[in-house]
Structure formats: C-alpha cells, structure tokens
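Work through the exercises below with the structure open beside you. Try each task before reading its solution.

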Amino acid sequence: MLLKTFYFCFLGTCCTYAWALGGRDERLGVLIVLGATVFSLDPVLGGVDWSRHDVDLAIVDILTFLAAATLALFSTRFWPLWMAGFCCVGAAVNIAVAMSPGLAPKAYAYAEGFWAYPAIAAIAIGAFGRRQASMRTLPHRPKTVD
C-alpha cells in the first residue's frame, strides 16, 4: 500500500509540474503516463497474480511504449527519447516474463512498476529544462531608429 501511495504522490507532483510549466510535448507525455496509469488500475487493483504473466499489463506497457516512441519521433525535445527508453524496458519485462514463466513473482511485480518512475521523472525534467531555456531567452526588442 505504501508503494501505491508513493507512486500516486510522485505521479501527481510530476504531472502537475509538467502540465503547469511544460509545453505541448510535456503535456502529451503527461497524458501518456496518466492513460497508462488509468488502464493499469483495473488489473493492479483487481489483484494481479504475479506468479504468471499478465497479458492486460503487457498490452498497456506495449501501447505506452508505442505512444512514447511516437512522441519521441515527432518531438524536437530530447527528454521523450529517455521516456521512450524507460517505457521500452518496462515493456521488455513483460517479454522476459512471458519467455521465463519461472521468474520470481516479487521480481516481476517490482520490475513491472519500477520503470514508470524514471519515465515520469523524464517528463518533469523536460518541463524544468523548458522552463530554464525560456528564462535564459531575452525578449525580442525592436531596434529604434534615431
């Protein structure tokens, strides 16, 4: 229960920060992770049997990776590449579990959720970088003719 509480606090803080200070790409990243969280709630709250591969979570992870990779392909920012990479590892965990059903249930449970944290952090870091870049840029001042 403590991990779920921490996750939702982390998610809420990072997403609020990125939505408030970020641009279009950061907001799309927020929508991706919020969508992944919403679609993961039913399997997780319904009780996942971590001793076997969960197809519903695998589908959510793969779709999240595809959305993040699409964002990275069309973005001019660098952080979506990191987000897509973390989502790729999260999706790869499902492939590893499907290929090795004897994997320890706790390892599967922790690996399934672990990669969401750096993916969410990448969005917040991207919003921070955008904010820093906009603060360094001086406003354009037209030249006056004497």
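## Exercises on a predicted model

The model is predicted. Keep that in mind throughout.

**Exercise 1. State the fold in outline: how many helices and strands does the protein have?**

Solution.
- Step 1. Count the elements. There are six helices and zero strands.
- Step 2. Read along the sequence. The pattern is α-α-α-α-α-α.
- Step 3. Take the totals. Of the 146 residues, 34% count as buried. The accessible surface comes to about 9,300 Å², and carbon and sulfur atoms hold 71% of that.
- Step 4. Look at the contacts with a separation of 6 or more. Residues 24 or more positions apart account for 69% of them.

**Exercise 2. Check the length of helix α1, then find which residues of α1 are buried.**

Solution.
- Step 1. Helix α1 covers residues 2–21, which is 20 residues. At 1.5 Å a residue, the expected span is 28 Å.
- Step 2. Compare with the model. The end C-alpha atoms of α1 are 28 Å apart, so the span agrees.
- Step 3. List the buried residues of α1: Tyr7, Leu11, Cys14, Cys15 and Ala18.
- Step 4. Look down the axis of α1. The buried residues fall within an arc of 100°, so they line one face of the helix.
- Step 5. Turn to the face away from this buried side. Leu2, Thr13, Thr16 and Ala20 are exposed there.

**Exercise 3. Repeat the analysis for α3: what is its expected span, and where do its buried residues lie around the axis?**

Solution.
- Step 1. α3 has 20 residues, and at 1.5 Å a residue these should span 28 Å. The end C-alpha atoms are 29 Å apart, which agrees.
- Step 2. Identify the buried residues of α3. They are Leu57, Ala58, Val60, Asp61, Thr64, Ala68, Leu71 and Ala72.
- Step 3. These residues cover an arc of only 160° around the axis, which puts them on the same side of α3.
- Step 4. Check the other side of α3. Leu63, Leu73 and Phe74 are exposed there.

**Exercise 4. Is Thr37 buried or exposed? Describe its surroundings.**

Solution.
- Step 1. Place the residue. Thr37 sits in helix α2, residues 24–45.
- Step 2. Apply the cut-off: buried means under 20% relative accessible area. Thr37 has 8% relative accessibility, so Thr37 counts as buried.
- Step 3. Find a partner for the polar side chain. A polar atom of the Thr37 side chain lies 2.8 Å from the backbone oxygen of Val33.
- Step 4. Set aside residues up to four places away in sequence. Thr37 then touches Tyr7, Phe8 and Leu11.

**Exercise 5. Describe the largest nonpolar core: how many residues has it, and which elements give two or more residues to it?**

Solution.
- Step 1. The largest nonpolar core has 22 residues. Leu11, Val33, Met83, Ile120 and Ile123 have the most contacts inside it.
- Step 2. Assign the core to elements. α1, α2, α3 (55–74), α4 (79–99) and α6 (116–136) each give two or more residues.
- Step 3. Find the main contributor. α6 gives the most, with six residues.
- Step 4. Follow Ile120. Leaving aside neighbours within four places in sequence, Ile120 contacts Tyr7, Phe10, Leu11, Cys14 and Val33.

**Exercise 6. Which exposure class does Ala116 fall into, and what separates its C-alpha atom from that of Leu11?**

Solution.
- Step 1. Ala116 lies in helix α6.
- Step 2. At 24% relative accessibility, Ala116 counts as partly exposed.
- Step 3. Ala116 and Leu11 are 105 residues apart along the chain, yet 9.3 Å separates their C-alpha atoms.

How values were computed
Residues numbered from 1 in each chain as written. Predicted model: local features only at pLDDT ≥ 70, side-chain atom pairs only at ≥ 80, totals over all residues. Heavy atoms only, no water. Helix = DSSP H or I, 4+ residues; strand = E, 2+ residues; numbered from the N terminus. Expected span 1.5 Å × (residues − 1). Buried < 20%, exposed > 50% of the residue type's maximum accessible area, 1.4 Å probe, protein only. Arc of directions from axis to C-beta. Polar contact = N/O pair within 3.5 Å; in protein donor to acceptor, adjacent residues only side chain to side chain. Contact = heavy atoms within 4.5 Å. Core = buried A, V, L, I, M, F, W, Y, C linked by side-chain atoms within 4.5 Å. Areas by Shrake-Rupley, 256 points an atom, 1.4 Å probe, with all protein chains shown as cover.
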